[in-house]
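Q: Could you take a close look at one part of this model for me? I'd like to hear about the place where the two chains meet, and how it fits with the rest.

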There are 2 protein chains.
Amino acid sequence: MLEPALIAQLRDIVGDTHFRDDPEALIAHSYDGTPMLQAKPDAVVYPANTEQVSAIMKALSTYKVPLISRGSGSNLCGGTVPVEGGVVMVMHRMNQILELDMENLTARVQPGLITADFINHIEALGLFYPPDPSSMRISTIGGNIAECSGGLRGLKYGTTKDYVLGLEAVLASGEIIRTGGKLMKDVAGYDLTKLLVGSEGTLAVITEATLKLIPPPQSKMTMLAMFRDLYGAARTVSAIIEAKIIPATLEFMDNPTIRVVDDFAKLGLPLDMEAILLIEQDGDPETVERDIELIRQICMREQADSVQVAATREEAERLLTARRSAFTALARLRPTTILEDATVPRSKIADMVLRINEIATKYNVTIATFGHAGDGNLHPTATTDARDPEEIHRVEQAFEDIFAAALELGGTITGEHGVGIVKAPYLEWKVGASGISLMKGIKDVFDPDHILNPGKVFAKETRKRVVLQHG
Amino acid sequence: MLEPALIAQLRDIVGDTHFRDDPEALIAHSYDGTPMLQAKPDAVVYPANTEQVSAIMKALSTYKVPLISRGSGSNLCGGTVPVEGGVVMVMHRMNQILELDMENLTARVQPGLITADFINHIEALGLFYPPDPSSMRISTIGGNIAECSGGLRGLKYGTTKDYVLGLEAVLASGEIIRTGGKLMKDVAGYDLTKLLVGSEGTLAVITEATLKLIPPPQSKMTMLAMFRDLYGAARTVSAIIEAKIIPATLEFMDNPTIRVVDDFAKLGLPLDMEAILLIEQDGDPETVERDIELIRQICMREQADSVQVAATREEAERLLTARRSAFTALARLRPTTILEDATVPRSKIADMVLRINEIATKYNVTIATFGHAGDGNLHPTATTDARDPEEIHRVEQAFEDIFAAALELGGTITGEHGVGIVKAPYLEWKVGASGISLMKGIKDVFDPDHILNPGKVFAKETRKRVVLQHG
């Protein structure tokens with residue numbers, strides 16, 4: 001419960017219509033894209049500009065009330081669930097493209113802008129912003145920055161981090177800071193820009209971003225390759241990179257995913273394949289054609305059962321549908337879908353998929369795996385039922401083993417979804433006690449009273465490390 | 001003066017031959033590539049491995065003695081001058097390529113490895129590591145990481161930061177931390193890897209780096225364009241980017257630089273030109289040829305006096321000589337050469353060059369400007385005489401005005417050289433009091449006793465901001 005004086009202050013800052021504490025608003029902002037996590041905030045505010053964000057933070061820091069900034073809440077790590085109550089700040093009113101600088105190829109945008117709206121707008125002007133998280137039709141640029149979102153084009157073009165040149169942000173104290181600028185190079189002190197990207201709303205509230213745009217590729221080709229042998233598919237991934245081709249997209253689906261996707265989208269996929277690779281190359285037409293032909297040869301050498309190259313953009317879209325519908329198709333199977341993003345060096349993909357399958361068998365749970373093979377960023381996805389605590393317990397144990405396996409293979413617990421609540425107990429496995437201690441120190445510098453998105457990134461307790469026998 | 005017990009400990013850790021406190025060693029490590037800065041350390045150590053670095057740090061932190069880690073000391077910001085005494089740690093013995101992973105296209109290297117040696121080694125294997133600071137024949141990978149070095153290929157390929165995937169580093173306490181990995185994506189907690197890159201040895205001693213390699217471009221073409229009008233050259237830079245061409249290299253030299261370079265290298269350059277652009281494109285042969293032709297047309301449209309496209313690699317090397325010899329040629333003119341790196345949005349290059357010329361006239365000093373036009377990263381270079389305090393004072397005033405002008409144009413005080421001692425009084429101009437306060441907080445987290453490279457990045461006092469009237 002907020003103190004009446006604070007409520008009055010917040011209403012005064014944003015106006016009565018942009019402050020809500022009715023049950024509907026509190027329930028609507030008690031959860032996000034992550035299954036099985038819910039906690040009600042005390043209020044919801046909708047600021048119109050940076051000055052309001054700053055005034056809100058000053059008020060909240062006086063009362064030491066938590067602030068959870070959020071875009072559309074499409075994250076999958078519980079990143080915007082208000083576990084300690086407080087005020088949810090929805091950034092949707094701050095959704096403008098403030099400036100498009102065609103000479104410097106930069107855009108200055110507000111955090112509440114929907115990513116796909118931004119991409120559509122600049123693509124119409126012949127520009128390109130590569131980060132394309134699957135959530136981009138609903139997620140916001142601010143949310144993408146908070147989580148350092150990836151996407152299907154990450155292998156060739158990098159992730160959100162690689163396109164943020166500068167930020168305006170509000171500290172817990174209400175102070176407004178500005179980092180970077182329209183600058184391709186800036187080494188004036190520690191890189192606060194890159195520190196804020198991926199900091200999950202725990203260090204500052206992002207109120208504006210300067211983004212780097214690049215020239216768009218002139219053409220694109222799309223192909224699907226089917227494999228009866230998982231290792232053949234995995235070797236193909238490595239062989240493509242070893243052949244010094246970096247495709248724009250290099251996606252993977254395992255057999256359980258293929259079956260579910262085909263049942264959902266009726267694509268006529270061969271159900272006896274162990275793996276499908278979806279591969280796209282973009283760039284100049286000559287280069288694209290040559291790369292696609294070389295990739296086709298590599299697929300055949302690695303015993304692909306068949307390779308389809310889309311002849312038209314429509315056919316390409318049909319091939320893409322297979323990968324794009326993976327999550328939706330899996331989500332139909334059972335009441336609860338838990339999508340994870342353990343990541344390994346790309347050479348370890350086949351090992352990781354086999355480990356995931358062994359772990360699923362061990363705990364008797366259903367896990368299908370798809371993801372960004374070129375990045376080693378896999379999405380093992382459990383279909384389960386949140387109403388069955390015993391099964392959920394087994395699913396959680398399975399994911400714990402999956403995180404441990406990823407780390408054993410030289411990987412990480414999260415490639416693009418963030419730590420949030422879900423991975424917090426495992427963060428120490430990746431970064432060690434000294435990594436945690438440094439990160440906590442940084443948190444204290446930015447937010448000494450821990451009012452920014454409390455309960456995220458840092459767990460009260462690290463899960464006891466399971467020592468795996470296999471591998 | 002170090003305490004005898006500490007000296008004994010250090011000798012014990014590295015062995016007698018790798019500990020030195022004779023006058024020759026102390027003098028040799030009292031300065032770096034930066035003019036007019038000198039301060040003797042108390043000792044010099046040459047560790048062989050991470051364990052020795054850790055043991056040294058433990059000893060030094062017990063005695064609260066400063067540690068300045070250094071590669072070849074080629075930096076231009078006074079970054080490795082031991083201004084508060086202490087121990088200089090030379091990383092040259094730790095100079096191995098520990099692993100080249102052809103499947104993941106990564107290299108694991110030690111910090112003392114000479115950058116050009118690394119590049120030559122991997123290029124012979126058909127791989128590519130783009131960061132190419134002008135110092136690369138003597139500078140080390142560790143030094144490049146500490147300073148986040150740029151280079152001529154930064155426009156298209158980014159800087160050192162974009163190629164560091166993971167680090168091993170030793171904290172002030174002696175604790176060894178590991179960040180990132182052979183991973184294209186990793187969002188497990190705050191990005192300590194990118195925080196350490198460019199932290200100038202003030203947060204930790206880097207003992208190992210995992211670097212990203214990429215496929216090399218298949219071909220490259222080189223051209224020179226001469227302009228009688230500075231604005232024509234500047235408009236060409238913006239027009240190339242606006243035409244959605246990102247050249248591999250897009251370098252600029254002003255008239256004073258042209259004159260000096262021609263006198264030095266006898267290239268027959270036209271001395272009445274206001275600017276020369278050196279442009280390179282790399283990639284697939286068809287793309288390169290098309291881009292170079294488009295760039296040639298843009299140059300002509302912007303009233304270039306002449307455009308030369310190198311027909312052979314030898315001719316390209318001759319054109320490159322002009323830009324490569326800029327610093328050496330300028331350094332012959334007067335006893336002291338001070339090379340700066342104020343950086344602006346690329347659309348502001350002509351404005352910035354004119355400002356520099358006005359400022360040079362105002363203070364009656366000689367400043368020639370060349371640099372990475374595509375990045376907006378200019379190197380205004382003063383030729384002066386350190387023995388003339390009155391002239392040096394005017395040069396310093398001129399640079400102060402130049403930094404202020406860069407900031408007025410939306411730029412920064414350093415694009416690739418770092419803050420060190422030289423820019424420390426100006427850092428607050430760029431990042432503000434709150435930026436300084438956050439950075440000092442981060443410093444305290446990593447190095448609470450301030451024994452890592454003390455006196456760098458943070459100045460005791462910020463220079464009073466000069467309010468400029470022009471512009």
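A: Here's a walk through that part, starting with the helices and moving on to the symmetry.

Keep in mind that this is a predicted model. The pair to look at is helix α15 of chain A and helix α15 of chain B, each spanning residues 427-446. Their axes come within 9 Å and cross at roughly 150°. Angles over 145 degrees count as roughly antiparallel, so α15(A) and α15(B) are roughly antiparallel to each other. As for the hand of it, α15(A) passes α15(B) in a right-handed crossing.

Who does the touching? From α15(A) you get A:Leu438, A:Gly441, A:Ile442, A:Val445 and A:Phe446, and from α15(B) come B:Leu438, B:Gly441, B:Ile442, B:Val445 and B:Phe446. Sort this contact by class and you find eight nonpolar residues, two polar ones and no charged ones.

Now for the symmetry. Rotate chain A by 180°, with 0.0 Å of shift along the axis, and it superposes on chain B with an RMSD of 0.0 Å. That's the relation of a two-fold axis. The same surface serves both copies, too: 100% of the contact residues of chain A recur in chain B. And one member of the helix contact turns up again here, since A:Ile442 is the residue of chain A that comes closest to the rotation axis, with its C-alpha at 3.0 Å.

For a helix pair inside one chain, try α8 (residues 230-242) and α10 (residues 285-301) of chain B. Their axes also come within 9 Å, crossing at roughly 140°, and α8(B) passes α10(B) in a right-handed crossing. B:Thr236, B:Ala239 and B:Ile240 of α8(B) meet B:Ile295, B:Ile298, B:Cys299 and B:Arg301 of α10(B). By class, that contact has five nonpolar residues, one polar and one charged.

Finally, a bit of annotation: an unreviewed UniProt entry places a "FAD-binding PCMH-type" domain at residues 37-216 of chain A. Over residues 37-216 the chain is 22% helix and 22% strand, and the end C-alpha atoms sit 39 Å apart.

Notes: Residues are numbered from 1 along each chain as its sequence is written. Chains are lettered from A and ligands numbered from 1 in the order in which they are written. This is a predicted model: local features need pLDDT of at least 70, side-chain atom pairs count only at pLDDT 80 or more; totals for chains, interfaces and linings use all residues. Side-chain values use heavy atoms; hydrogens and water are left out. UniProt positions are given in the numbering used here, feature names are shortened, and annotations may be inferred rather than shown by experiment. Helices (H or I, at least four residues) and strands (E, at least two) are DSSP runs, numbered from the N terminus. Axes are lines fitted to C-alpha atoms, for helices over the stretch in contact, and angles run from 0 to 180 degrees between N-to-C directions. Angles under 35 degrees count as roughly parallel, over 145 as roughly antiparallel, 65 to 115 as roughly perpendicular and the rest as oblique. A crossing is left-handed if the near helix is turned anticlockwise from the far one by less than a right angle, and right-handed if clockwise. Contact means heavy atoms within 4.5 Å. Ala, Val, Leu, Ile, Met, Phe, Trp, Tyr, Cys and Pro count as nonpolar, Asp, Glu, Lys and Arg as charged, and the others, Gly among them, as polar. Copies are superposed by least squares on the C-alpha atoms of residues with pLDDT of at least 70 in both.
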